[in-house]
Amino acid sequence: MARVGLSVQRLVAAAAELADEAGFDNLSVSALARRFGVKDASLYSHVRNLQDLRTRLALHAGGELIDRIAAAVAGRAGKEALTAFAGAYREYALEHPGRYAATQIRIDQALIADSPALRRTAEITYGMLRAYGLAEPDLTDAVRLLRSTFHGYCVLESAGGFGADRDVGASWDKAVDALHITLEHWPRERKSDD
């Protein structure tokens with residue numbers, strides 16, 4: 001069998017394509033090996049196992065997603081930044097369903113701490129929310145609200161879960177408007193008077 005120049009980067013890039021084509025749940029070392037025309041064992045000098053491959057894909061996809069979001073929000077604040085953030089998030093999720101699914105897996109906290117892309121995600125997201133005057137613990141609560149809203153909407157949309165005649169994009173815009181209003185009027189954590 002001819003050498004195909006395997007590397008971790010090539011494997012992760014091919015895994016990203018395969019996840020988008022076949023679904024993240026259908027990603028396997030065997031399927032990836034077939035894509036390169038090699039035996040499964042040839043991949044194990046580059047990735048330890050399927051979990052390692054999926055984690056690497058999650059980190060790769062997370063980097064792609066935050067790069068897209070960062071470009072969209074650059075120079076913006078408040079509603080304009082939120083709208084750009086939301087739009088970039090939704091576009092990525094719909095254009096790259098397998099990669100997007102990879103970004104939702106639980107990753108070891110040590111790997112998160114070592115990942116520049118995931119640290120950048122926190123910096124950009126929290127920075128956008130600080131423009132609304134939020135501080136901890138409200139920042140964490142607001143991040144959870146945005147993530148669950150964006151994720152839920154994108155999953156439902158990609159699955160064809162919105163059956164009403166209303167344009168899905170118009171509903172998305174309305175949801176982002178509602179999030180902006182919520183962030184502007186965030187119920188602040190009350191300090192106790194000890």
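**An all-helical predicted model and its largest pocket**

Over residues 28–47 the chain is 40% helix and 0% strand, and the C-alpha atoms at the two ends of this stretch lie 12 Å apart. The stretch coincides with a feature that the unreviewed UniProt entry records as "DNA-binding region", placed at residues 28–47; this annotation may be inferred rather than shown by experiment. The model described here is a predicted one.

In the chain as a whole there are nine helices and zero strands, so that the order of elements from the N terminus on reads α-α-α-α-α-α-α-α-α. The C-alpha atoms fill a box of roughly 70 × 50 × 30 Å along the principal axes, and 40% of the 194 residues count as buried. Among the contacts between residues at least 6 apart in sequence, 67% join residues that are at least 24 apart.

Helix 7, which comprises the 15 residues 116–130, was examined for its length and its surroundings. At 1.5 Å a residue this helix should span 21 Å, and because its end C-alpha atoms are in fact 21 Å apart, the expected and the computed values agree. The buried residues of helix 7 are A117, I124, T125, Y126, M128 and L129. In an α-helix, with 3.6 residues a turn, residues three or four places apart point the same way. The cover over the buried residues of helix 7 includes helix 3 (50–73) and helix 4 (78–95), together with helix 8 (138–158) and helix 9 (168–184).

Between helix 7 and helix 8 the chain passes through a loop in which P137 is found. The peptide bond that leads from E136 to P137 is cis, with omega near 0 degrees.

The largest pocket of the model has a volume of about 960 Å³. Its lining is made up of 28 residues, of which T103, L118, T121, V143 and R147 lie nearest the centre of the pocket. Two or more lining residues are given by each of helix 3, helix 4, helix 6 (109–113), helix 7 and helix 8, and helix 8 gives the most, with seven residues. By residue class, the lining of the largest pocket divides into 16 nonpolar, eight polar and four charged residues. Helix 3, helix 4 and helix 8, which are among the elements that contribute to this lining, are also among those that cover the buried residues of helix 7.

Notes
Residues numbered from 1 in each chain as written. Predicted model: local features only at pLDDT ≥ 70, side-chain atom pairs only at ≥ 80, totals over all residues. Heavy atoms only, no water. Helix = DSSP H or I, 4+ residues; strand = E, 2+ residues; numbered from the N terminus. Expected span 1.5 Å × (residues − 1). Buried < 20%, exposed > 50% of the residue type's maximum accessible area, 1.4 Å probe, protein only. Contact = heavy atoms within 4.5 Å. 1 Å grid on protein atoms, 1.4 Å probe; cavity = no way out; pocket = protein on both sides within 12 Å on 5 of 7 lines; lining within 4 Å. Points joined across faces, edges and corners; volume = space filled by probe spheres on them. Nonpolar A, V, L, I, M, F, W, Y, C, P; charged D, E, K, R; others polar.
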